[in-house]
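Trainee: I'm new to this one, and I'd like a close look at a single topic rather than a tour. Please take me through the salt bridges.

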Amino acid sequence: MKLTDFLSFDGPWVHAMKPIQQILTAEARMLHEIGEYSPWTTRLGKGGERYNAPEISLYRHVMDVLQVATRLFYWSWVTGRLPNLDSEDDSRCVDVLHALFTIALTHDANKLLDSGSHSPTLEEIDEVNRRLQIEAWMPDWVWEGYSAEKLHHAVSLVENRGEGQALLGPSLPPLIRYLAAKIVHDADNLVSTAMSPAALVQEYNIRLPKWTVRYGISNTPFRLLTWHDEPPVLHTLQTVILDMLYEIDQMPLVLTREGTVLWAAVPEPVTPRFVLERFQETIGKPVSKVRFKNTTASVVLDNIRSLEDLRDQLELSLPQLLVVKVKDGGVAVPYAHYWASKCTGAAGTPLRIWDGKTERGNKQTSLVRLQSETPLPTYSKALVCAALLSAGGNEAVQKALEWNESVVRESLREMDIPLENLDPLTRRTVVAMQSALSVPDDILEAWADYVYGQFSQEIAGDAIGTRALTAHLGRQVGLDLDETEQSNPGVFEAHPDGGACLLCGAPATRLIVGGTMDVLVKSSAFNTRPGHKTDPWRAQGENYLCDACVARQRLWKTSAEQWRIRGGLGGPQIPLLVATPIRSWLYQDYAKSAEKEEESHLFSCVDVLNVDGWVRALPWNSTTAESLALAWEPRQNGLEEILGQMRNLAAYAAYSGEPVHAFIASFRLCPESFVYEPMPELVKNLLRKAGVCNPHYGVYRKDLGLLIEVLDAFITLLKRDGKGREALEAVEDFGWWSAAWCLFDPTWGSSALGREAQGAVSKLKEVYPMVNDEMIKAIALDMATIQSIKPNEASGNKWSLAMRRVLETYDRWSDFGDRQVLERAIADDLYKTLERGNILLGRDEAKTREVCLRVTRRILHIVKDMESTYQALTSTHRRFLVAAYEATFWEVRHAIQEERQKTKEVQTG
């Protein structure tokens with residue numbers, strides 16, 4: 001079996017992985033319901049603060065081991081070295097891969113269960129065996145009777161420190177012993193030894209002669225190449241290398257992009273010059289695209305070479321071709337519903353008709369929208385017909401009717417649709433939809449041939465920019481490729497006939513002219529480069545781009561157009577540089593993206609807020625088709641927006657098991673799992689105080705869950721207009737008290753928003769406690785014994801009564817009498833206040849007065865403590881203190897009520 005077939009979408013590797021994917025996803029969904037994350041992605045498999053090395057999540061480490069193990073397994077299998085498994089036996093290969101995956105997944109069971117550093121025990125293996133439901137999908141014949149004891153024996157063979165346990169285990173079949181003691185053992189040893197891409201390649205080459213003999217693997221050493229450039233450039237280069245490796249039947253060893261760095265290990269046949277020549281050829285091809293003109297509701301086709309090319313582009317982005325004028329809605333809407341009933345896919349999924357008005361007001365009404373993401377054949381055909389009609393004008397409409405007089409016109413006439421009375425836009429739509437039902441494919445091809453001459457002519461690629469960019473990449477790996485005059489390395493000055501490049505500072509002569517260059521940057525962009533020329537009679541000066549940056553901008557613009565198509569940015573914005581490792585090695589992922597490049601998913605951090613998004617972020621569900629993940633995260637300015645972006649990026653790190661590092665301008669390697677460079681000083685100080693981030697403001701993987709919860713609480717605060725910002729700024733000095741002042745509501749348990757506020761206060765109380773919290777709780781417990789208040793009481797004044805009354809009385813009488821007299825006077829006033837309000841519990845006046853005195857003394861103790869801390873008890877201090885008390889009293893009172901309810905249920909049960 002060829003390597004591409006082995007790792008294809010329908011190959012043995014993918015089939016063997018499916019039950020694991022399903023089980024891990026089900027576990028993640030269950031944890032998601034209670035606000036937790038999978039331990040596979042939140043616990044460490046390697047590295048971390050303890051070892052002064054970058055953090056690698058457990059699942060990532062397991063997959064790194066499994067990737068190397070897959071390489072050794074494949075060559076052992078095809079060369080006939082696996083015991084009891086024929087190299088042509090594809091069906092049994094899947095069964096053996098199940099065993100290989102299981103050993104690799106469980107070899108660090110102790111880390112999954114967070115039970116310390118040791119070889120996994122039988123009890124730990126048994127627990128992971130239960131979690132993964134291994135017995136339900138593990139073929140029995142591979143193990144000659146599967147059991148947790150045999151799995152424990154196999155896992156003990158992986159690491160040297162488990163050899164003692166292996167001696168006591170049951171006997172293993174030769175095939176399982178080969179998988180554990182050789183393949184997974186060697187893979188884990190390599191991955192655990194190498195802490196960087198360079199070290200991995202070096203250690204692999206050292207082991208290669210021995211592995212060639214043992215596994216039959218190709219004796220071709222790898223060379224590590226490193227490139228630095230912008231994400232779309234490296235994404236394209238990464239895809240090119242993956243394609244080339246599989247062309248020579250080689251599995252990638254290292255092919256990882258992180259931020260602006262790409263590490264690629266290539267064998268000797270794949271030379272850097274060969275790679276860059278293919279890269280230059282790839283980016284030099286003109287991009288096919290279809291642009292929609294809102295003014296005329298027509299399309300402009302660039303570089304469309306065939307009917308299939310046109311169909312692919314239209315399916316991607318242009319459902320707005322099927323539109324009608326509002327005045328024709330009485331005729332067109334019923335017809336569109338009839339037409340949609342005829343357009344069903346293989347599964348019978350109907351099209352959805354949408355009768356709402358577009359953004360252009362009353363000028364036109366959009367009729368047809370797809371209900372599912374997969375375009376239906378008839379719908380796609382209607383889009384093609386509409387595009388052909390648009391390209392050919394009224395003459396093309398008439399030509400279509402001439403060709404289909406007996407079909408299209410008669411069909412419309414039978415439905416009493418008078419084409420002559422319809423607006424040209426509506427007529428085009430109706431003819432296109434009916435043609436999709438009536439016109440055979442061969443006629444459609446002839447129609448396309450007729451109109452093809454009126455399509456936009458092919459636009460040549462930017463050959464100079466492509467060569468300059470390729471030369472820049474070549475210099476990074478020691479090649480002297482064809483260079484243009486502007487690609488001089490290390491020169492950052494203005495060109496005598498132009499200026500300095502707006503983006504990189506190199507000499508440049510290509511003036512940015514809005515609307516004529518295929519770039520995202522604007523001609524009016526702010527420029528501080530040397531040699532920048534300004535004109536006193538113009539609002540802005542002249543900005544230039546070097547040839548290489550023009551090519552980079554073309555790649556950025558292509559990804560930006562895809563981003564907008566999938567509902568991303570409304571317009572070009574400056575992206576934040578978000579670095580997260582993107583690895584390519586599975587062949588079916590590349591094939592998927594190569595078949596339809598426009599389907600490459602540009603994963604956004606906001607996608608983690610919906611179920612499809614966060615499930616897709618799970619590492620066992622993600623693919624290299626999403627290799628531009630987090631590439632278009634815009635720079636945020638507002639505090640709430642910044643916190644939201646931080647929260648979502650941190651959630652992506654927790655779901656994916658990968659580090660996420662967000663930078664303003666330049667990328668750097670960081671050992672922590674989460675870094676957000678644009679973090680405001682206020683947030684930095686608060687997170688440092690909470691112990692969430694380290695002195696470098698990085699967050700370790702174990703703290704990601706806490707970080708997300710704290711950021712959620714901050715965002716909840718900021719949603720309270722007028723008070724939220726003040727409360728957040730006060731958290732540093734007053735802890736959770738300011739949050740209680742901002743969010744407390746006696747009825748907050750009765751609504752979703754109220755429960756969100758209650759959760760925020762509880763979390764901040766846990767993270768930002770105050771010295772007097774226990775004293776306040778004691779006061780609340782005392783008041784619960786003497787003050788009558790219903791748990792559903794909506795009046796905030798009643799919940800805060802004791803604290804407010806004592807503070808008010810203290811203000812009036814603090815200058816009179818000694819301390820003891822003052823305390824008794826205030827306690828007497830509190831008692832009388834409760835008595836007048838008819839809210840006293842119990843009838844023992846002496847005990848009630850004793851409680852009032854104890855409450856008064858505790859409150860005055862807090863007052864003295866705060867006066868010594870803050871020099872004075874201001875109105876701000878008072879309202880935070882009162883809010884903390886009423887929130888605590890509410891919590892205590894409801895806890896008592898719940899306890900009584902439980903006791904009552906037990907007694908009546």
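Mentor: Happy to! Helices here are DSSP runs (H or I, at least four residues), just as strands are runs of E with at least two, and both are numbered from the N terminus. The model is predicted, so local features need pLDDT of at least 70 and side-chain atom pairs pLDDT 80 or more, while totals for chains, interfaces and linings use all residues. Residues are numbered from 1 along each chain as its sequence is written, and side-chain values use heavy atoms, leaving out hydrogens and water.

A salt bridge puts a side-chain nitrogen of Lys or Arg within 4 Å of a carboxyl oxygen of Asp or Glu. By that rule the count is 34 salt bridges. Let's visit three of them, then a network.

Begin in helix α7, which covers residues 122-131. There, Arg-130 pairs with Glu-127, and their closest N and O atoms lie 2.4 Å apart. Why can these two partners be found about one helical turn from each other? Because Arg-130 and Glu-127 are 3 residues apart in α7. Now for their surroundings: buried means under 20% relative accessible area, exposed over 50%, and partly exposed in between (1.4 Å probe, protein chains only). Arg-130 is exposed, at 53% relative accessibility, whereas Glu-127, at 25%, is partly exposed.

Next, move along to helix α27, residues 681-690. Here Lys-684 forms a salt bridge with Glu-681, with 3.4 Å between the closest N and O atoms. Lys-684 and Glu-681 are again 3 residues apart, so about one helical turn separates them. Is Lys-684 buried or exposed? Lys-684 is buried, because its relative accessible area is 15%. Its partner Glu-681 reaches 49% and counts as partly exposed.

Our third stop is helix α36, residues 845-870. The side chains of Glu-845 and Arg-849 meet in a salt bridge there, at 2.9 Å from N to O. In this helix the partners are 4 residues apart, which means a separation of about one helical turn. Glu-845 has a relative accessible area of 42% and is partly exposed; Arg-849, with 30%, is partly exposed too.

Finally, which residues do shared partners join into one network? Salt bridges with partners in common link Arg-60, Asp-64, Arg-583 and Glu-658. Try finding those four in the viewer, starting from Arg-60 and Asp-64 and then going on to Arg-583 and Glu-658, the other members of the network.
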